[in-house]
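Work through these exercises with the model open beside you. Try each task before you read its solution.

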Amino acid sequence: MIDDPLANALHLFRLTLPCTREQLDQTRTQLLHTWNPHRYANHANNPRKYMQLVKQGEAMTKEIERAYHLLRGYIEMKS
């Protein structure tokens, strides 16, 4: 991964600058839906695998939120 937090956030959201708040919000919604930990309830019959998927979903949700707030602040600062 790149050592620049802004570049990492853009990579996670698959966006390039300049981007709009609407693009950011739409991508956030899609990513949160994709990584929602509750989506894994019926994907694994193995409890260990299920918990692994839930933890991965929780970690990604936190990462998405961090990246979103960073990008939102950057967009607001530039406008």
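**Exercise 1. The overall fold**

Count the helices and strands of the protein chain, then decide how spread out the chain is.

*Solution.* Start with the count. This predicted model has three helices and zero strands in its protein chain. Next, read along the sequence. The pattern is α-α-α. Now test the spread. The radius of gyration is 15 Å, and the globule rule gives 12 Å for 79 residues. The value is well over the rule, so the chain is more spread out than a compact globule. Finally, look at the box. Along the principal axes, the C-alpha atoms fill roughly 50 × 25 × 15 Å.

**Exercise 2. Surface, contacts and charge**

Describe the protein chain by its burial, its contacts and its charges.

*Solution.* Take burial to begin with. Of the 79 residues, 29% count as buried. Then turn to the surface. The accessible surface comes to about 5900 Å², and carbon and sulfur atoms hold 53% of it. Go on to contacts. Consider those with a separation of 6 or more: 59% of them join residues 24 or more positions apart. End with charge. The chain carries 11 positive and 8 negative charges, and their mean positions lie 9 Å apart.

**Exercise 3. Helix H1 and its partners**

Which residues of helix H1 (residues 5-13) are buried, and what do they pack against?

*Solution.* List the residues. They are Leu 6, Asn 8, Ala 9, Leu 10, Leu 12 and Phe 13. Find their partners. These buried residues pack against H2 and helix H3 (47-78). Then step past the end of the helix. Arg 14 follows H1, and its phi is positive, near 55°.

**Exercise 4. Two residues of helix H2**

Is Thr 27 buried or exposed? Is His 33 buried or exposed?

*Solution.* Place Thr 27 before you judge it. Thr 27 lies in helix H2 (residues 21-35). Its relative accessible area is 13%. Buried means under 20%, so Thr 27 is buried. Check what surrounds it. Beyond neighbours within four places in sequence, Thr 27 is in contact with Phe 13 and Leu 15. Its side chain also reaches the backbone oxygen of Gln 23, at 2.8 Å.

Now do the same for His 33. His 33 is in helix H2 too. Its relative accessible area is 53%. Exposed means over 50%, so His 33 is exposed. Close with a distance. His 33 and Phe 13 are 20 residues apart along the chain, and their C-alpha atoms are separated by 13 Å.

Key: Residues numbered from 1 in each chain as written. Predicted model: local features only at pLDDT ≥ 70, side-chain atom pairs only at ≥ 80, totals over all residues. Heavy atoms only, no water. Helix = DSSP H or I, 4+ residues; strand = E, 2+ residues; numbered from the N terminus. Rg over C-alpha atoms; globule rule 2.2 N^0.38 Å. Buried < 20%, exposed > 50% of the residue type's maximum accessible area, 1.4 Å probe, protein only. Contact = heavy atoms within 4.5 Å. Areas by Shrake-Rupley, 256 points an atom, 1.4 Å probe, with all protein chains shown as cover. Lys, Arg positive; Asp, Glu negative; His and termini not counted. Charge placed at Lys NZ, Arg CZ, Asp CG, Glu CD. Polar contact = N/O pair within 3.5 Å; in protein donor to acceptor, adjacent residues only side chain to side chain.
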